[in-house]
Amino acid sequence: MEMRSGRVVRGVPLNIDLPEGCVANVLSLTTPQDVCRLSAVSPIFKSAAESDDVWQRFLPNDLESILSTALDGSLLLSSASSKKEVYFSLCDNPIIVDHGRKSFSLEKKSGKICYVLSARDLVITWRDTPMYWTWNSNSDSRFAEVAELINVCLFEIRGKINTCLLSPATLYTAYLVFKFASRIDGLDNQPVDVTMKLNEGECGAQTVSWNAHGRFRSTSVTVRGKVHYPKERGDGWLEMELGEFLSMKGEDGELEIRLCDASGHWKRGLIVEGIEIRPKDVSRAASPSS
């Protein structure tokens, strides 16, 4: 097949004599971010970048099954005018799935799967005892209920997810998503231990700190090592990094995340939305300022 010479972007010649379907197939082998960039190259690239064949490759193979547990999942698929519209809707508007217990979305630049485990999907010690925890609605939350810490001595939260729900061969980071109530006690710089296990084998352990009264720092080095502090998210919540793990291709397993403060002092004033699991931002991690 003959090609005209021309400039090359990411190994793809720009002036080419190829059918639009062939160009679309090439684009589908890149990433959503690359497709959006290459769509500005020429009219044939722009046309091919709108193809359902391209954007279908960036959607999970079991998307219909995932959305079958969402109230408005079938509406999204039936009302969207294209696969591209479905893709960007899932990036910008997380869908509540698993009968209200999880939030599902896609990372915009890569199409990797993201989940938030709601507070109801977590195991929280004493969560069903009103004198220790209460369940409330919150206008900032994507979920119907959030858990508010009233008063506990032993603080323990566990979250689990099967890695088959996630994108394979992907480095993920887990975050606790929360905010502080108007009255806070016992949530200062005392250490909170975090452990992560994959298939019963420990894949990470670290220390975090609420730092409620000192407000928020990025990280700090103490005698215990690197301590992670809360960071503002921009959606009305804070997040605290809990650790990272690699979702292996072709391997299913169960990831368990545990936070525990058994220091013996009483705590109150934490509002928990859930635990978010999303692809690690490698570019940010590599930045000296991060």
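Trainee: Which side chain does Asp121 meet in a salt bridge?
Mentor: Asp121 meets the side chain of Arg101, at 3.0 Å from N to O. Asp121 lies in the loop between E5 and E6, and Arg101 in the loop between strand E3 (95-97) and E4, so the pair ties together parts that are 20 residues apart in sequence. By salt bridge I mean a side-chain nitrogen of Lys or Arg within 4 Å of a carboxyl oxygen of Asp or Glu. The E labels are strands (at least two residues) and H or I labels are helices (at least four), taken as DSSP runs and numbered from the N terminus.

Trainee: Hang on, what kind of model is this?
Mentor: This is a predicted model, where local features need pLDDT of at least 70, side-chain atom pairs count only at pLDDT 80 or more, and totals for chains, interfaces and linings use all residues. Residues are numbered from 1 along each chain as its sequence is written, and side-chain values use heavy atoms, with hydrogens and water left out.

Trainee: Back to that pair. Is Asp121 buried or exposed?
Mentor: Asp121 is buried, at 15% relative accessible area, while Arg101 is partly exposed at 33%. Buried means under 20% relative accessible area, exposed means over 50%, and partly exposed is in between (1.4 Å probe, protein chains only).

Trainee: How many salt bridges are there in the whole structure?
Mentor: A search finds 21. Another one is between Asp92 and Lys108, at 2.8 Å from N to O. Asp92 sits in helix H7 (residues 83-92) and Lys108 in the loop between E4 and E5, so this pair ties together parts that are 16 residues apart in sequence. Asp92 is partly exposed at 45%, and Lys108 is also partly exposed, at 41%.

Trainee: And which parts of the chain do Glu256 and Arg158 link?
Mentor: Their side chains meet in a salt bridge at 2.5 Å, N to O. Glu256 is in strand E17 and Arg158 in strand E9, distant parts of the chain that are 98 residues apart. Glu256 counts as buried at 17%, whereas Arg158 is partly exposed at 28%.

Trainee: Which residues are linked with them in a network?
Mentor: The salt-bridge network links Glu156, Arg158, Lys160, Glu256 and Arg258.

Trainee: What about a charged residue with no salt bridge, like Glu107?
Mentor: Glu107 is buried and has no salt bridge; Lys109, the nearest side chain of opposite charge, is 4.7 Å away. For charges, Lys and Arg count as positive and Asp and Glu as negative, with His and the chain ends not counted. Glu107 is placed in the loop between strand E4 (102-106) and E5.

Trainee: What is Glu107 in contact with?
Mentor: Setting aside neighbours within four places in sequence, Glu107 is in contact (heavy atoms within 4.5 Å) with Tyr87, Cys91, Lys112, Cys114 and Pro279.

Trainee: New topic: strand E18. How many of its residues are buried?
Mentor: In E18 (residues 268-279), 10 of the 12 residues are buried, so the strand is largely enclosed by the rest of the structure.

Trainee: How many bridges join E18 to E10?
Mentor: E10 and E18 pair antiparallel over 10 bridges, and Ala174 has Ile277 in E18 as its bridge partner. Two strands pair if DSSP finds at least two bridges between them. Strand E5 (residues 113-118) also runs antiparallel to E18, joined by 4 bridges, with Val116 partnered by Glu276. Strand E8 (residues 146-149) pairs antiparallel with E18 over 2 bridges, and there Ala147 has Val272 as its partner.

Trainee: Okay, loops now. What's the phi of Trp126?
Mentor: Phi of Trp126 is near 70°, a positive value in a residue other than glycine. Most residues other than glycine have a negative phi. Trp126 is in the loop between strand E6 (123-124) and strand E7 (133-136), and it is partly exposed at 43%. Ala169 also has a positive phi, near 50°, and it is in the loop between strand E9 (155-162) and strand E10 (170-185).

Trainee: Last one: where is Met248 found?
Mentor: Met248 is in the loop between strand E16 (238-247) and strand E17 (254-261), and at 39% it counts as partly exposed.
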